[in-house]
Amino acid sequence: MCGINGIIAKTNRKKDDITSILNSMNDLIIHRGPDEDGVFSEKNDQFTVGMAMRRLSIIDLSSGQQPIFSDDQQIVIVFNGEIYNYKVLKSKLESEGVTFETSSDTEVILKAYEKYGVESFQWLDGMYGFSIYDKNLNKLFIARDFFGEKPLYYTHTDKEFIWASELKSIINTLDFRPNISKKGLNLYFRLTYIPAPHTIYENIFKLEANHYIAYDLTSHDTTIHKINAEPKPKASNISFEDAKAKTKDLVYKSVDSRSIADVGLGTFLSGGVDSSIISLCLAQTTDKKIDTFSIGFKKASYDETDKSRIVAKQLKSNHHEFIIDENDLKNNIHEILINFDEPFSDTAALPTHLLSEKTREHVTVALTGDGGDEVFGGYNKYYIGKMNKKYTSVIPKGLHKSIAGLSDKYLINKDDTRGRKFQINKLLNSIDYDGEFYWNIVSLANTSKQLEEIMSPDYFESNIFKEYKAVLGKQKIETLTDFRLVDKILSLEGGMLAKVDRTSMLTSLECRAPFLNRELWEFTNTLPENYLMKGWNKKHILKEAFRDQFPKDFLEKGKSGFGSPTGDWLRQSLRKELESYIEPQLLKSQGIFNADVITKLVTDHLESKKDSTFRVWSFYCFQKWYTHNIINKTT
């Protein structure tokens with residue numbers, strides 16, 4: 001696990017200048033790879049090119065240093081991530097006469113490319129971001145993994161092409177401050193994160209998952225290509241029993257492949273279905289006691305450590321439990337949020353970082369249950385398809401407007417409980433008669449209407465999901481398969497995986513998600529939807545595949561999620577800072593918000609007239625980012 005950086009200077013720039021820039025870029029991401037670094041740079045008459053990396057040693061501790069060169073020195077690679085099937089690929093290449101100098105997965109990528117070109121990228125099972133400079137073709141290739149587990153940013157200016165694992169490395173290299181992206185801003189205030197290909201800055205992009213960039217160093221032309229063609233989901237005729245057996249087999253195999261490491265390895269164990277199954281599989285594939293890690297809150301309504309204890313006891317694991325309170329947050333909140341480099345307001349980022357920090361004291365790698373909900377259909381929001389269809393077939397559109405209005409008036413939470421009233425109100429505000437309901441339900445911060453109210457007309461943009469609908473190839477999102485595909489390209493890449501990568505790598509912990517396996521994803525996409533969600537039973541086939549491994553009814557136990565009581569914190573320890581963000585002079589100078597509306601929203605929350613945790617937290621996180629990156633960097 002590492003972080004990578006790179007730069008192409010289109011003008012005749014000194015090699016030492018590029019090396020110096022790369023060293024500075026590396027210094028900014030030392031947390032991603034504290035063990036060692038590596039830099040390559042080369043100058044010719046047309047351009048100067050350089051690549052660099054920071055390394056967290058996981059596999060081949062003694063000889064996996066980067067950059068790695070081909071035998072003739074004509075091809076060079078820097079790599080961030082893990083290739084789980086590298087041993088299989090290495091054996092295949094060796095049978096074809098290819099020789100290796102190291103035991104690293106990085107060299108396998110390089111040798112596979114050297115023999116088969118970019119076609120070899122589709123054979124990689126892993127999480128990664130890498131760049132390959134091929135002097136033979138005078139081209140550079142930059143690739144990102146199938147799900148987008150590892151980040152990759154890039155920008156193209158008149159003078160340079162720059163790429164990096166973290167946005168900070170690019171921003172601090174530019175000799176100007178980029179403008180705020182209107183698209184990125186609106187996506188953030190709808191979703192609480194910004195999905196690829198956008199960022200908060202104009203002309204700086206995230207490489208989309210399952211894509212690679214081909215950069216021609218002669219013409220400086222850039223093209224972007226998909227790595228793996230994703231077949232359109234089509235239900236097979238497989239029986240439920242056969243599908244259940246294959247599900248179990250694929251999960252075990254994925255856990256086994258993602259457990260390869262030359263350092264200590266454990267699991268995050270929340271007590272939910274996904275992390276419990278991953279921990280079980282790991283425990284059954286090793287002859288040693290495994291380490292499991294969980295985190296809880298002193299606030300009882302957020303604490304679920306009792307569930308993780310049940311599983312840990314069953315597995316006889318070395319269980320580590322950490323209980324946090326508001327004081328733990330105070331010591332970490334600024335560092336955690338600012339490290340994202342752009343606005344990000346998933347409340348689970350805070351406990352995820354604290355859990356990673358504690359876990360890193362014991363191991364270097366942690367397996368997680370991330371992706372289980374997307375792969376097997378586990379979110380409560382997946383019920384919305386059924387509910388929206390039934391509701392709109394019975395309730396006329398005009399009557400619904402009246403019902404939703406009454407809901408906004410009477411189903412008001414005054415504290416951060418997110419209970420029944422909150423859920424009903426969220427549902428009613430997501431109902432849509434024109435096929436937009438799922439886009440509404442994934443908008444965790446603001447609906448389009450709410451955003452239009454708080455945003456200045458100069459910044460508001462209405463149809464922000466248009467390009468994602470084009471990727472899906474359909475305007476109306478109606479089926480469980482549709483919902484899961486939306487989540488793969490939006491919330492998984494932009495939200496969940498960004499959260500886990502930034503918070504864990506900030507502590508130099510590597511997280512691996514066995515459910516994020518392309519073979520497993522493509523298999524579940526062929527299953528009849530009632531195998532995934534039977535009636536109101538979510539993740540049906542996954543639970544049935546492992547039911548006999550757990551106590552009776554354990555897999556049916558509800559779980560609220562991995563959030564934080566940020567609504568309370570905003571009223572208490574963060575109140576003074578939040579109030580500073582609605583100062584009239586600041587809002588006027590920004591010109592982004594409708595000052596009266598945003599001030600009332602925040603004030604009503606602070607005075608417990610109406611709980612608006614998600615909306616106010618997204619505003620708080622944006623203002624913290626803005627203050628740190630725009631105001632403080634320009635004064």
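1. I begin with a backbone detail: P67 lies in the loop between β3 (48-55) and β4, and the peptide bond that leads into this proline from Q66 is cis, with omega near 0 degrees. The model under review is a predicted one, and the points below should be read with that in mind.

2. A second cis peptide bond deserves the same attention, namely the one from A196 to P197, for which omega is near 10 degrees. P197 also sits in a loop, here the one that runs between α5 and β10 (204-206).

3. As to the overall dimensions, the protein chain contains 27 helices and 17 strands, and its C-alpha trace spans about 70 × 60 × 45 Å along the principal axes. For 635 residues, a compact globule would be expected to have a radius of gyration near 26 Å, and the 24 Å of the protein chain agrees with this expectation.

4. The strand β4 that follows the loop of P67 belongs to an open sheet of six strands, whose order is β4-β5-β6-β7-β11-β12 and whose pairing is antiparallel. The edges of this sheet are formed by β4 (68-69) and β12 (222-226), each of which pairs on one side only. In general terms, the strands of a sheet pair through backbone hydrogen bonds, in either a parallel or an antiparallel manner.

5. At the β12 end of the sheet, strand β11 (residues 211-216) pairs with β12 in the antiparallel sense over five bridges, and Y212 stands opposite H225 of β12. These two strands form a hairpin with five residues between them, and within the turn H220 has a positive phi of about 60 degrees. A positive phi is also found at N210, where the value is about 65 degrees although the residue is not a glycine; N210 is placed in the loop between β10 and β11.

6. Turning to helix packing, two packed helices are described by the angle between their axes and by the distance between those axes. For helix α26 (residues 595-606) and helix α27 (residues 613-631), the axes come within 10 Å and cross at roughly 120 degrees; the two helices are therefore oblique to each other. The crossing in which α26 passes α27 is left-handed. On the α26 side the contact is made by I598, L601, V602 and H605, and on the α27 side by T613, R615, V616 and F619. Sorted by class, the residues of this contact are five nonpolar, two polar and one charged.

7. Helix α27 also packs against helix α5 (residues 182-191), with axes that come within 9 Å and cross at roughly 140 degrees. Here L185, Y188 and F189 of α5 meet W617, S618, F619, C621 and F622 of α27, and the residues of the contact divide into seven nonpolar, one polar and no charged. F619 of α27 is thus listed in the contact with α26 and in the contact with α5.

Technical notes. Residues are numbered from 1 along each chain as its sequence is written. This is a predicted model: local features need pLDDT of at least 70, side-chain atom pairs count only at pLDDT 80 or more; totals for chains, interfaces and linings use all residues. Side-chain values use heavy atoms; hydrogens and water are left out. Axes are lines fitted to C-alpha atoms, for helices over the stretch in contact, and angles run from 0 to 180 degrees between N-to-C directions. Helices (H or I, at least four residues) and strands (E, at least two) are DSSP runs, numbered from the N terminus. Angles under 35 degrees count as roughly parallel, over 145 as roughly antiparallel, 65 to 115 as roughly perpendicular and the rest as oblique. A crossing is left-handed if the near helix is turned anticlockwise from the far one by less than a right angle, and right-handed if clockwise. Contact means heavy atoms within 4.5 Å. Ala, Val, Leu, Ile, Met, Phe, Trp, Tyr, Cys and Pro count as nonpolar, Asp, Glu, Lys and Arg as charged, and the others, Gly among them, as polar. Two strands pair if DSSP finds at least two bridges between them. The radius of gyration is taken over C-alpha atoms; the globule rule is 2.2 Å times the number of residues to the power 0.38.
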